[in-house]
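This report examines a structure through its ligand site, its cysteines and one chosen side chain. The sequence and coordinates are shown first.

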Amino acid sequence: MSERDQELRESAAEEIKKHKERVESDPYRLSFHHMPPVGLLNDPNGLVQWNGTYHLFYQWMPFDTGHGAKFWGHYTSKDLMNWNHEKPALTPSDWFDKNGVYSGSAIVHNDLLYLFYTGNVKDENGNRETYQCMAVSEDGVNFEKKGVVVELPEGYTAHFRDPKVWKQGEHWYMVIGAQSEDLQGKAALLRSDNLYDWKHLGDITGSGENELGSFGYMWECPDVFRLEDQDILLVSPQGLESDGMDFANTYQSGYFAGKLNYDQGEFKHGDFRELDRGFEFYAPQTTLDEKGRRILVGWMGVPDQYEQSHPTIEHQWIHCLTMPRELTWNGSQIIQSPLEEMKEMRGPVLMHSSITIENDQKAVRGIEGRPVELNIEFDRLDDQFAIELFQYASISYKDEVLTLSRPHLEDKTKTEFRRVPLQQGLKQLHLFIDHSTLEIFVNGGEEVFSSRIYPQPEEERILFTSLGTSTFSVEQWKLGGYKWNDE
Ligand code: FRU
C-alpha cells in the first residue's frame, strides 16, 4: 500500500467517524438500500458474484456531498440480505487515477477477482485525461492495482470511460462509454485474449449511427449482455431533449435490444427504451449471478439534477442505490422484478381483498407507514385512481397514463411529475417504500419508477382515491430491512 493510499484511507475513516452520529440520526436514513457511510455515493460498480459472495462496489466521495475524486466503496453479501461494509477497494492514490477512481466493472478469472475502472486525471490546467485501469484481488477485499491497460484511442475526446468487461466465446470484450471528436455519444468496443492487451474494434453504435439520428453528446456507463435471444446494450446517454413523457430527467438511462456481431463489432438494434420512469435513476449495471439471473442495480440519483436539494445533505450524506432487480425478456421488452430474496424482509401479511371506492378518498385499515411493501391488484378501475403517500407523493392513473408526482425538490412552490403511458391499462402496482425511497413496479415490472421521497418523518398515512368506481386488493408487509455486520 502506497503512502498516499494509506493517507486517503485514514482520512476517509476519520470522516466516517466524525459524522457517524449525524448520518445515523437522519430520519431519512435507509433500511434496505445501500447508502454511503458519509458523503456522496453515485454509480454502482463491479457488481459480481464470486464463490457465492456478491460484491457490490460504488462510486464514493467521502469528504463532501458533492462529486470529486471518487473512491470505490465496497459491500459484500452471501444472500443479498445480510451485508458487510468492507474497507474501500480502491482510492485515487496513483498518477493514473489521482482525480478519481471512476466507474467500471468486475470479472472472475482463474480464481481471481479483476476490477476494470477509469482513472480520471486532470492536469494543472484542468484538462482531462482518461486511463482504463485494472486491479486484481485474491481474497476479494485487498486489491492490487495493475495500472493502465487501455490508453485513449484516436477519434475520441477524454470523455471515454466506464469499462464493462465480459467473456464471449474465447475472447474478453470491453464496452466503454465515449464521446467522439465531433462530440457525439458512442459505445466503443474492445477485445482482449489476456485481459492486459486490448484492441479497439470501433463503435458498436452511437449518436448518428444505426438510424439513431442525433442521440446525445456523451454516453456513460454502457453494459452489454444477453437476455434470451437478444443482445442488450444498456447505456446512460447525456444530451437528449425531453420529449412528451419521455426523457424527463436531466440525463437518461435505457437500452437497445438487437443482435451484436462480435466479429464485425456491429450492433443492429431497435429503438432506445427507458428503463425507469422515476425521478432518480441512472448508471445501472448488471451481472449474471450463480443462479443464472441477470441482476441489475442502479444509482438512485441523476448527475446535475438539483443534487444539492436532497435534504440528507444536512446529515452529511447523499444518494443511494436501487434495490437489486432481476431482468427478463418477455419477447418484446425487458421486464424488471424485485428479487425473490426481498421476501425475507417481510413481516406478516395484512391483506384486504375487494375494496371498492366510489367517488371518494379513503384510508384502508392498517395500510400505512414505512418501510413497507404494498401489492395492489385491480379488478375494476373506471375513471381515475390515485394513491397519496404520506401527504407527499402521489401515484395517479387516468386516460391510460400513470403519473408520479412530488413537491419539486428545488422549487418547493411547484409540483414535479413523471409519467408513462400504459396501453394495456393498469393491473398491478407493487411498491417498495423505504424511509426516503419509493420503487414502483407496474404491471409485473413492465415499467418501473425509482424515486427519492422526503415526507415528514412522522407522517404515515396512505390514502386511496377513486373517481368513478375502483375495486382492488391490497397486501401489505412491514419490511425488516437489510442486516448489517459491519467490518
Ligand atoms: C456517471 C459517471 C461516470 C463516471 C462516474 C464518476 O454517473 O459520471 O461516467 O465514471 O460517474 O463518479
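The sections below take up the ligand, then the cysteines, then a single glutamine.

## Basis of the report

The structure is a predicted model.

## The ligand and its shell

The residues surrounding the ligand are Asn42, Asp43, Gln59, Lys70, Tyr102, Ser103, Arg161, Asp162, Glu220, Tyr282 and Trp299. Sorted by class, this shell comprises five charged, three polar and three nonpolar residues. Three strands each contribute at least two residues to the shell: strand 1 (39-50), strand 5 (101-109) and strand 9 (156-168).

Several polar atoms of the protein approach oxygen atoms of the ligand. A polar atom in the side chain of Asp162 is 2.5 Å from a ligand oxygen, and an N or O atom of the Glu220 side chain is 2.9 Å from a ligand oxygen. Ser103 takes part through its backbone, a polar atom of which lies 3.1 Å from an oxygen of the ligand. The ligand taken alone exposes 320 Å², and the protein buries 93% of that area.

## Cysteines

No disulfides are found in a search of the whole structure. Cys221 belongs to no disulfide, and the cysteine sulfur nearest to that of Cys221, belonging to Cys133, is 16 Å away. Because its relative accessibility is 8%, Cys221 counts as buried.

Cys320 likewise is in no disulfide. For Cys320, the nearest cysteine sulfur is that of Cys221, at 16 Å. Cys320 is classed as buried because its relative accessible area is 0%. A disulfide requires two cysteine sulfur atoms within 2.5 Å, so the 16 Å separation from the nearest cysteine sulfur leaves Cys320 outside any such pair.

## The surroundings of Gln476

Where does Gln476 lie in the secondary structure? The residue is part of strand 33, which covers residues 461-479. Gln476 has a relative accessible area of 3% and is therefore buried.

The side chain of Gln476 makes polar contacts with the backbone of two residues. One is to the backbone oxygen of Gly366, at 2.9 Å. Another involves the backbone nitrogen of Glu368, which is 3.0 Å from a polar atom of the Gln476 side chain.

Gly366 and Glu368 also appear among the residues in contact with Gln476 once neighbours within four places in sequence are set aside. The remaining members of that list are Pro348, Val349, Leu350, Ile367, Val372, Glu373 and Leu374.

Notes: Residues numbered from 1 in each chain as written. Predicted model: local features only at pLDDT ≥ 70, side-chain atom pairs only at ≥ 80, totals over all residues. Heavy atoms only, no water. Helix = DSSP H or I, 4+ residues; strand = E, 2+ residues; numbered from the N terminus. Buried < 20%, exposed > 50% of the residue type's maximum accessible area, 1.4 Å probe, protein only. Polar contact = N/O pair within 3.5 Å; in protein donor to acceptor, adjacent residues only side chain to side chain. Contact = heavy atoms within 4.5 Å. Near = heavy atom within 4 Å. Areas by Shrake-Rupley, 256 points an atom, 1.4 Å probe, with all protein chains shown as cover. Nonpolar A, V, L, I, M, F, W, Y, C, P; charged D, E, K, R; others polar.
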